[in-house]
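This report follows the helices of one structure and the residues that are buried among them. Please look at the sequence and the structure below before reading on.

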Amino acid sequence: MTELLLAVAAFVLGTVALGLVRLLRGPGDADRMLAAQLLGTGGVAALLLLGVASGDNAVADIALVLALLAAFASVAFVSGAR
């Protein structure tokens, strides 16, 4: 089961890498913000999968902090766009 979780985490990190390309080359600000949200969501998913695979509970706390940072980034983007 651990190998499956690690394989899924690697797949999620691959999609995050594709989102990083969109973040760097995005045509507009909205595209870049959506790519940043993908990085946050994918990072949280990968951290949770790695935490379950390793049995380390502290990784879930780090994933929650990353989720909060991603939410604050989207709020800052929306409030700065006005």
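The cover over the buried residues of α3 includes α2, and in this predicted model the buried residues of α3 are found at Val59, Ala63 and Ala70. An α-helix has 3.6 residues a turn, so residues three or four places apart point the same way.

In α1, the buried positions are Leu5, Ala9, Val12, Val16 and Gly19, and the partner against which these buried residues pack is α2, spanning 29-54. The dimensions of α1 and α3, each of which reaches a span close to the one expected at 1.5 Å a residue, are set out in the table.

| Helix | Residues | Number of residues | Span, first to last C-alpha | Expected span |
|---|---|---|---|---|
| α1 | 2-25 | 24 residues | 35 Å | 34 Å |
| α3 | 58-80 | 23 residues | 33 Å | 33 Å |

Which residues make up the largest nonpolar core? Seven residues do so, namely Leu5, Ala9, Val12 and Val16 together with Ala46, Leu49 and Ala53. Both α1 and α2 supply at least two residues of this core, although α1 gives the most, with four residues. In soluble globular proteins, nonpolar side chains tend to be buried together.

Within this core, Ala46 can be followed through its contacts: when residues up to four places away in sequence are not counted, Ala46 touches Ala9, Val12 and Leu13. Of these contacts, Ala9 and Val12 are themselves listed among the core residues, and both are buried in α1.

Terms used:
Residues numbered from 1 in each chain as written. Predicted model: local features only at pLDDT ≥ 70, side-chain atom pairs only at ≥ 80, totals over all residues. Heavy atoms only, no water. Expected span 1.5 Å × (residues − 1). Buried < 20%, exposed > 50% of the residue type's maximum accessible area, 1.4 Å probe, protein only. Contact = heavy atoms within 4.5 Å. Core = buried A, V, L, I, M, F, W, Y, C linked by side-chain atoms within 4.5 Å.
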